[in-house]
Amino acid sequence: MFKILQKTVSTGTVTVNYPAETAKISERFRGRPRFDFEKWKDARPAAEVCPTGAISLSDSDDSRKVTVDYGLCVFCGLCAEASSDQAVRITQEFELATPDRRSLILTAEYSLNADRTHHGLRKVDRQLVNAETDVESLGKKARETIQKILGRSLAIREVDAGSCNGCELEIVALNNPVHDIERFGIQFVASPRHADMLLVTGPVTRNMELALSKTYQAMADPKVVVAVGACGISGGIFGETYASLGRVDKVLPVDVYIPGCPPRPQALLHGILLAIGRLAERLHDDRKG
Ligand code: SF4
């Protein structure tokens with residue numbers, strides 16, 4: 001007992017202060033790839049190695065449309081390795097959660113040379129990936145907002161609709177002393193009847209479709225749904241098959257999408273804080289209506 005107390009005192013506080021402070025992340029962490037469309041001379045090598053089809057090409061006689069979908073991206077870094085022109089680089093950016101699925105998609109159009117390399121950039125559609133960049137104020141407001149709108153803690157029910165459990169490992173980490181999600185007045189609950197937020201991981205397997213729908217129906221209004229990871233957003237590496245329906249929004253209305261494979265705990269926290277804002281809006285609308 002004495003040894004445990006001694007260890008506790010010598011360890012001190014381990015809880016990180018994210019989002020009030022910038023997240024300290026490992027140098028080896030891979031976040032989203034960034035694309036320098038002006039510099040990109042050939043998108044084919046990157047599209048060929050991309051394991052999820054996050055980079056797709058549509059060629060006509062003299063032009064090419066390149067589409068990059070962060071909702072499909074698993075942040076593997078293969079596109080950066082395959083692009084010899086250094087136009088693709090892996091960053092450590094992870095705060096990508098958004099309520100708008102379309103904002104995760106970038107497109108660029110090129111005119112082509114005879115050898116099918118890019119001649120010139122005709123058009124680029126770079127939507128803002130971050131719906132909310134001021135994560136610090138999101139964090140500061142979270143406790144206050146939860147108290148104001150609910151008068152109690154925010155309750156989350158998590159459903160694994162068919163994931164590999166990578167996302168679950170990160171969700172479990174949210175509850176450990178390092179990330180300690182309860183400091184925001186947020187807790188995970190066992191029953192959907194007590195939940196305000198539904199966190200869904202994995203592509204929705206056909207066997208889980210009914211269970212997922214019933215869980216959603218069992219939750220009281222107002223409620224919000226968060227799709228976690230590339231699988232939840234788009235079906236990810238599994239896609240749509242005889243056993244998998246793919247993305248969560250085929251089954252439920254999704255309020256916030258959190259990209260990543262799996263999203264790191266801070267990315268999850270960022271998405272959850274964003275979803276609290278959606279819940280507040282919904283409650284406000286309900287009261288007005
Ligand atoms: S980092 Fe994303 S876009 Fe690049 S190859 Fe991997 S999955 Fe595809």
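## A tour from the ligand outwards

Start at the ligand: 14 residues surround it, and those that come nearest are Cys50, Ala54, Cys73, Cys76 and Cys79. Keep in mind as you look around that this is a predicted model. Now colour the whole shell around the ligand by residue class: you will find 12 nonpolar residues, two polar ones and no charged ones.

Next, switch to a cartoon view and pick out the strands β2, β3, β5 and β6. They form an open sheet, arranged in the order β2-β3-β5-β6, and the pairing is antiparallel. To see where the sheet ends, select residues 55-59 for β2 and 118-125 for β6; these are the edge strands, each pairing on one side only. Turn the view a little and compare neighbouring strands: on average they are turned by 25° against each other, with direction ignored.

Stay at the β2 edge and add residues 63-69, which make up β3. Five bridges link β2 and β3 in the antiparallel sense. Which residue of β3 stands opposite Leu57? Show side chains here and you will find Val66 in that place.

Now zoom out to the whole protein chain. Give one colour to residues 33-125, assigned as domain 1, and another to residues 135-288, assigned as domain 2. If you place a marker at the centre of each domain, taken over C-alpha atoms, the two markers are 29 Å apart.

Finish where the domains meet. Here 17 residues of domain 1 are in contact with 21 residues of domain 2. Select the domain 1 side of this contact and colour by class once again: 11 residues are nonpolar, three are polar and three are charged.

Note on methods: Residues are numbered from 1 along each chain as its sequence is written. This is a predicted model: local features need pLDDT of at least 70, side-chain atom pairs count only at pLDDT 80 or more; totals for chains, interfaces and linings use all residues. Two strands pair if DSSP finds at least two bridges between them. Helices (H or I, at least four residues) and strands (E, at least two) are DSSP runs, numbered from the N terminus. Axes are lines fitted to C-alpha atoms, for helices over the stretch in contact, and angles run from 0 to 180 degrees between N-to-C directions. A residue is near a molecule or strand if its C-beta atom, placed from the backbone, lies within 6 Å of it. Ala, Val, Leu, Ile, Met, Phe, Trp, Tyr, Cys and Pro count as nonpolar, Asp, Glu, Lys and Arg as charged, and the others, Gly among them, as polar. Domain bounds come from an automatic or database domain assignment. Two residues are in contact if their C-beta atoms, placed from the backbone, lie within 7 Å.
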